[in-house]
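Subject: Structure handover

Hello,

Here is the structure I said I would pass on. My notes on it follow below.

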Amino acid sequence: MKINSYIRKSISRQFMALICFFILLFIIGGLVLVYWQNSVNNEYVSNREELVEKQALVRQLETRLNDAMFNVRGYFAYNNTALKESAESQQAEIEKLIEQFDQRLETEEDTLFSTELASFYRFYFDETMPEAIAYFESGDREEVAAIANNGATERVNSFQGEMADYLQSVSNSLSGEVSKLTTHIAILQVGFLIYIILVLIAVLLIGRVMVKRIGKPLTDFAVAANEVAKGNEAEIKHDKKRQDELATLSVAFERMYVSIQEKEQDLLAQNEELVAQQDELQAQQFELEKMLETVQSNEDALLRRNKLINGLSSSLDKQEVLESIIINMCDVIKADRGIIVEADSGDFAAFGISNEGAEQFKNHLHTGMYHRLEKEKLSFTIIRDLDVSEKGYHLEKGRVHDLYIPILSAAGSITAIMMLSRFACGFTELEMDEFSTLAKQIGISLDKIHLFEQTEKDRLLNTDILNNVQEGIQLISPNGDIIHANSKFYEIMTGKGMLDIFVGQKWQEWTGQLKEKLEETDDLIAYISKSMRDSSAESFTYKLKEDKIVKVYSEHLYRGDEKFGTVLVYRDITMEYEVDKMKSEFVSTVSHELRTPLASILGFTELIINRDLKPERQKKYLNTIYGEAKRLTALINDFLDVQRMEAGKQTYEKKYIEVLPIMERVVENQAVNATKHHITIHNTEKNSFILGDRSKIEQAFTNIVSNAIKYSPEGGTIDISLYQEDGMLKVAVKDQGLGIPESARDKLFTKFYRIDNSDRRKIGGTGLGLAIVKEIMLAHQGDITIDSEYGKGSTFTMSFPIVEWNMETSEKDAVADEKVRYKVMVVEDDYSLAELIIQELQESGFQVYYSKNGMDGIKKMEEVQPDALVLDIMLEDSRMDGWDIMKAMKDSEYLKNIPIVVSTALDEKEKGIALGAIDYLVKPYPPSQLSRAIMQTLLKMGKIGQVLIPEEQ
């Protein structure tokens with residue numbers, strides 16, 4: 001250390017002056033370089049800024065001039081005054097730019113361009129442009145063209161070329177400035193490089209002298225030091241004439257060498273003692289390392305157990321906890337693989353086991369070791385040979401130790417089973433006891449998860465129940481803070497789904513939000529405040545801004561004797577309110593509609609009773625009474641139809657019917673009341689069959705046509721069209737009446753609804769007709785739509801499913817062969833049912849004849865003399881129904897002995913049997929029952945006519 005100190009002092013004194021000198025040289029050279037470079041940069045920046053500003057001004061001038069010229073040309077082309085004004089506004093901007101450019105003139109080229117610029121400005125803006133605009137505005141376009149052709153265009157193009165040349169000159173000057181700056185920087189760099197080289201040469205020369213003066217003594221010291229380090233004798237030479245630090249260092253080194261030799265012996269003795277102490281310390285270190293390994297092992301085991309415990313308590317997700325259990329247990333007990341399976345649910349987690357193996361263990365859980373675990377409730381191990389799939393690349397025999405651990409619940413039952421396997425060694429008794437302790441902790445954790453799952457399930461169930469309640473429920477604390485609310489409450493308050501914008505809010509917050517939704521905010525808040533204090537507060541009804549009516553009730557909630565909060569129930573009574581309003585209007589309308597015909601009936605009846613009237617006037621009054629009675633009957637029938645439809649008791653006897661005749665009949669009946677109207681039917685379809693109830697379809701047509709007449713008070717044409725479209729048979733009724741406003745169309749088919757319009761109110765009506773039509777159409781798998789223009793009329797379109805009907809009489813299919821024994825006549829107006837009956841009877845060996853109505857049926861029976869008759873009672877032919885046919889047959893000598901089987905939807909069996917039916921089948925019934933009844937009767941009769949009365953089916 002002393003030698004180094006002396007060397008540092010010697011070097012510092014010798015070189016200090018040299019270093020200061022060199023530093024001074026570098027500082028001076030650097031300052032000169034910085035000053036020179038700064039001057040060059042400032043000159044370049046100044047020149048470049050001037051050139052850039054000139055270039056920007058010229059480009060702005062070029063842009064402004066081009067815009068002005070284009071605007072003038074656009075003005076001439078499109079006569080757009082805005083373009084002219086834009087060109088004139090550009091002139092002022094160009095003058096300002098020319099003034100700015102004149103302030104930056106430096107070179108002769110700048111002066112020349114400025115002169116040309118001013119000249120062009122005067123030429124274009126002071127002479128050419130005003131003159132051309134004046135000619136253009138006076139309509140002399142030829143003079144405008146002459147100005148352009150007589151040198152104006154050439155002058156513009158020439159100036160644009162000069163401006164482009166000037167811009168190119170400015171760009172060249174900028175490039176020249178860059179080249180100039182590059183040259184100056186290169187000169188500076190070369191000069192500085194030469195300066196550095198000269199300084200380095202001076203340093204080299206001076207350093208060489210210094211090394212020669214100081215280096216040799218230092219080399220001698222180094223040689224002597226090496227010899228001393230090797231333990232050899234060393235000779236230290238020093239020049240006594242030298243008085244510098246090296247001389248002092250030589251004397252000090254010599255003294256140190258002598259001191260080292262004296263102390264060497266002492267160090268050897270101490271070394272022997274230290275060697276002995278080292279042997280003792282090594283023995284102690286070995287013991288400490290063994291203890292440390294034990295401590296580390298215990299610490300690792302503790303960390304693994306802590307990790308297991310943390311995994312049990314850090315989550316309530318069962319699958320996550322199961323995976324944490326099996327992974328950490330394999331780590332704790334050094335198992336190579338393992339699995340844990342819940343006994344009830346079958347949920348599992350595995351480590352080091354394939355999916356197939358896990359599924360196999362789970363599927364055979366209750367058929368394997370489960371019974372032993374259930375009985376003993378203790379862990380046990382099984383030793384077995386390694387399977388080929390477990391050996392890997394080993395060919396030798398091996399053993400595996402399987403550990404089965406039962407996981408017990410708090411009640412002592414097995415809640416899960418865990419199986420762990422080791423390939424290296426077995427499990428000791430101490431480990432087994434430790435694993436049983438861990439299994440208890442696992443069981444507690446699983447019990448906690450099961451309890452949480454059940455609690456969560458109950459919570460979700462309660463939430464679902466509350467959210468499915470059709471009333472809004474809100475629970476508030478005694479301070480008015482919201483504790484809970486269901487989704488219906490959010491829907492009522494916000495008009496949307498469940499949004500957590502209220503729960504947890506303070507009284508001031510959520511009552512403030514109510515003010516944005518309610519019209520009677522103060523009254524509602526006052527009611528809620530009163531409900532929080534008074535448990536006997538009555539209900540309160542309020543209105544939202546969206547015309548929604550809500551009724552709110554309140555009840556206090558207690559936990560024991562302590563008041564927990566207040567439950568508010570919000571019930572949306574908008575529909576009830578509207579129904580009550582509608583019913584009130586309906587009662588008013590009905591009272592008017594009922595009293596009007598009754599007043600006419602009573603009035604004309606009183607006239608007939610109390611006065612002697614001429615026969616023709618009596619007939620007129622009676623016709624009036626008859627018409628009003630029919631009107632009153634139709635009104636009552638509408639009420640009854642609506643009642644049956646609402647109760648779901650409306651029945652439909654559907655058959656294959658043709659629409660056109662029904663519509664023609666409706667038009668014929670309605671034409672009596674339509675003296676101002678002209679009703680026409682346009683039919684483009686040959687097949688207008690549908691499957692429906694004739695009376696209900698006629699009622700629907702009547703309501704629509706009646707409405708068209710009623711709401712066309714000024715008369716006009718009513719067009720009825722029958723056509724097919726999109727696989728549907730459509731009936732469109734178009735009138736030229738009042739039309740229907742857009743806002744009323746979505747409610748038009750609602751019961752009791754009438755458009756709130758004085759033009760319609762005075763027409764009258766109950767508002768039931770269209771509702772009944774809608775119900776009838778839906779019952780027939782059809783629909784009704786409306787297309788209307790307010791004030792110009794409406795079109796109601798009724799759509800029916802199309803049915804294809806190509807029924808041919810059964811005589812064409814009948815085969816008169818030897819196997820045919822009996823002939824059966826079928827009288828049925830429903831085509832589909834007739835076809836089914838005919839097919840059933842033909843398959844049973846009968847020869848079948850068919851007729852749609854009674855008159856044709858009687859004639860055909862007289863011709864073919866059938867052995868039996870299948871008869872429908874309710875026939876569409878108004879001239880002769882089933883009862884009339886049975887009476888006519890009993891009066892006929894040829895037909896009275898033919899057995900009759902009634903097949904009808906009319907349940908009047910006693911009347912049928914009294915008229916001579918052998919069997920009375922009420923639709924629907926199995927077709928085989930009909931064949932069996934006819935066959936048994938004919939076989940028993942042997943074709944001798946008689947009337948049998950079978951038991952009721």
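Does K362 count as buried, exposed or partly exposed, and at what relative accessibility? K362 counts as partly exposed, at 26% relative accessibility. Please keep in mind throughout that this is a predicted model.

Salt bridges

K362 is a useful place to begin, as its side chain forms a salt bridge with E359. The closest N and O atoms of the two are 3.7 Å apart. Both residues belong to helix α7, which covers residues 355-363. They are 3 residues apart there, so about one helical turn separates K362 from E359. The partner, E359, is partly exposed as well, with a relative accessibility of 34%.

In total, the structure holds 9 salt bridges. Another of them joins K506 and D481, with 3.5 Å from N to O. K506 is in the loop between α11 (487-494) and α12 (507-514), while D481 is in the loop between β6 (472-476) and β7 (482-485), so this pair ties together parts that are 25 residues apart in sequence. The two ends differ in how they are covered: K506 is partly exposed at 48% relative accessible area, whereas D481 counts as buried at 17%, because the limit for buried is under 20%.

A further salt bridge links D783 with K774, and here the N to O distance is 2.9 Å. D783 has 30% relative accessibility and counts as partly exposed. K774 is also partly exposed, at 22%.

Aromatic residues

The count of aromatic pairs comes to 11. One of them is F113 with F159, a stacked pair with 6.4 Å centre to centre and 15 degrees between the planes. F113 lies in helix α3 (residues 108-137) and F159 in helix α4, so the pair ties together parts that are 46 residues apart in sequence. F113 is buried, with a relative accessible area of 6%, and F159 is buried at 1%.

F159 also pairs with F120. That pair is stacked too, with the ring centres 4.1 Å apart and 0 degrees between the planes. Since F120 is in helix α3 and F159 in helix α4, this second pair ties together parts that are 39 residues apart in sequence. F120 is buried, its relative accessible area being 0%.

These three residues are members of one aromatic cluster, made up of F113, F120, Y121, F123, Y124, F125, F159 and Y166.

Charges over rings

Two arginines are placed over phenylalanine rings. R372 lies over the face of F380, at 3.7 Å from the ring centre. In the other case, the charged end of R559 sits over the ring of F564, 3.8 Å from its centre.

A nonpolar patch

Which residues form a nonpolar patch on the surface? They are V190, L193, I194, I197, L198, I201, L205 and I206, and together they have about 730 Å² of accessible area. One of them, I197, is found in helix α4, which runs over residues 141-230. I197 counts as partly exposed, with 42% relative accessibility.

If you want one place to look first, I suggest helix α4: I197 of the surface patch is found in it, and so is F159, which is buried.

Regards

Definitions and conventions. Residues numbered from 1 in each chain as written. Predicted model: local features only at pLDDT ≥ 70, side-chain atom pairs only at ≥ 80, totals over all residues. Heavy atoms only, no water. Patch = residues over 30% accessible without salt bridge, like charges linked within 9 Å, V, L, I, M, F, W, Y side chains within 5 Å. Areas by Shrake-Rupley, 256 points an atom, 1.4 Å probe, with all protein chains shown as cover. Salt bridge = Lys/Arg side-chain N within 4 Å of Asp/Glu carboxyl O. Helix = DSSP H or I, 4+ residues; strand = E, 2+ residues; numbered from the N terminus. Buried < 20%, exposed > 50% of the residue type's maximum accessible area, 1.4 Å probe, protein only. Phe/Tyr/Trp six-rings, centres within 6.5 Å; stacked < 30°, edge-to-face > 60°. Lys NZ or Arg CZ within 6 Å of the ring centre and 35° of its normal.
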